[in-house]
Amino acid sequence: MRKLIAAAAFLALAAPALVADEKADAAKKLDGTYEVMSAKAGGKDDPKKDRVKAFEIKDGFITIREGKDERAEEAKFTIDPSQKPAHIDIFPGGKGEPVQGIYEA
């Protein structure tokens with residue numbers, strides 16, 4: 001009985017670490033430079049997408065390059081690949097309410 005309790009306690013403590021590792025691995029797979037193909041806001045095409053030249057994902061940050069002067073804005077993000085479709089929360093300025101979205105890896 002003690003072995004069973006010990007095993008259950010170990011799994012309860014290890015499970016959050018396994019989920020965190022899964023999310024970190026999924027985030028690392030997203031590293032790269034991307035072009036915005038389409039964007040929607042409120043179910044409608046978002047014309048702001050034309051201002052974004054490209055964005056780069058690296059080390060848990062998204063760098064968005066906008067306009068002719070290539071102004072760059074950096075934001076932290078979190079992902080949840082266990083959701084279907086997979087969710088992403090982007091935190092512009094590193095704080096405040098997230099911009100919620102979905103992504104496809």
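This passage describes the strand pairing, salt bridges, backbone features and largest pocket of a predicted model.

Pairing between strands is described from the start of the chain onward. Strand 1, made of residues 32-34, runs antiparallel to strand 4, and three bridges connect the two. Within this pairing, Gly32 lies opposite Ile57 of strand 4. Strand 4 also pairs with strand 5, again in the antiparallel sense, through six bridges. Two of the facing positions can be named here: Val52 is opposite Glu66 of strand 5, and Ala54 is opposite Arg65 of strand 5. Strand 4 covers residues 52-58, while strand 5 covers residues 61-66. Together, strand 4 and strand 5 make a hairpin in which two residues separate the strands.

Strand 5 in turn is joined to strand 6, residues 71-80, by six bridges in an antiparallel arrangement. Here Phe61 faces Lys76 of strand 6. Strand 5 is thus paired with strand 4 and with strand 6.

One residue of strand 5, Thr63, was examined for its surroundings. The relative accessibility of Thr63 is 14%, so the residue counts as buried, the limit being under 20%. Apart from neighbours within four places in sequence, Thr63 has contacts with Ala54, Phe55 and Glu56, and also with Ala72, Glu73 and Glu74. Ala54, one of these contacts, is the residue that stands opposite Arg65 in the pairing of strand 4 with strand 5.

A further antiparallel pair is formed by strand 7 (residues 86-92) and strand 8 (residues 99-103), with five bridges between them. Asp89 has Gln100 of strand 8 as its bridge partner. Strand 7 and strand 8 form a hairpin with six residues between the strands, and in this hairpin Gly93 has a positive phi near 75°.

Two other backbone features were noted. The peptide bond between Lys84 and Pro85 is cis, with omega at about 0°. Pro85 belongs to the loop between strand 6 and strand 7. The second feature concerns Asp59, which is located in the loop between strand 4 and strand 5. Asp59 has a positive phi near 55°, although the residue is not glycine. This residue sits in the turn of the hairpin formed by strand 4 and strand 5.

Asp59 also takes part in charged interactions. Side chains of opposite charge can pair when their charged atoms come close. Two salt bridges were found in a search of the whole structure. In one of them, Lys28 is paired with Asp31, with 3.1 Å between the closest N and O atoms. In the other, Asp59 is paired with Lys28, and the closest N and O atoms are 3.7 Å apart. This second pair connects distant parts of the chain, since Lys28 lies in helix 1 (residues 2-29) and Asp59 in the loop between strand 4 and strand 5, a separation of 31 residues. Lys28, Asp31 and Asp59 are therefore linked in a network of salt bridges, given that each pairing falls within the 4 Å limit.

The three residues of the network can also be described by their accessibility. Lys28 has a relative accessible area of 52% and counts as exposed because this value is over 50%. Asp59 is likewise exposed, at 55%. Asp31 has a relative accessible area of 27%, so this residue is classed as partly exposed.

The remaining feature is the largest pocket, which holds about 1400 Å³ of space. The lining of the largest pocket comprises 33 residues, of which Val36, Ser38, Ala39, Phe55 and Ile90 are the closest to the centre. Two or more lining residues come from each of strand 2 (40-41), strand 4, strand 5, strand 6, strand 7 and strand 8. The greatest contribution is that of strand 8, which supplies five residues. By residue class, the lining consists of 20 nonpolar, ten charged and three polar residues. Phe55, among the residues closest to the centre of the pocket, is also one of the contacts of the buried Thr63.

Key: Residues are numbered from 1 along each chain as its sequence is written. This is a predicted model: local features need pLDDT of at least 70, side-chain atom pairs count only at pLDDT 80 or more; totals for chains, interfaces and linings use all residues. Side-chain values use heavy atoms; hydrogens and water are left out. Two strands pair if DSSP finds at least two bridges between them. Helices (H or I, at least four residues) and strands (E, at least two) are DSSP runs, numbered from the N terminus. Buried means under 20% relative accessible area, exposed over 50%, partly exposed in between (1.4 Å probe, protein chains only). Contact means heavy atoms within 4.5 Å. A salt bridge is a side-chain nitrogen of Lys or Arg within 4 Å of a carboxyl oxygen of Asp or Glu. On a 1 Å grid over the protein atoms alone, a cavity is a set of points where a 1.4 Å probe fits but cannot get out, and a pocket is an open set with protein on both sides within 12 Å along at least five of seven lines; lining residues have an atom within 4 Å of a point. Grid points are joined across faces, edges and corners, and a volume is the space filled by probe spheres set on the points. Ala, Val, Leu, Ile, Met, Phe, Trp, Tyr, Cys and Pro count as nonpolar, Asp, Glu, Lys and Arg as charged, and the others, Gly among them, as polar.
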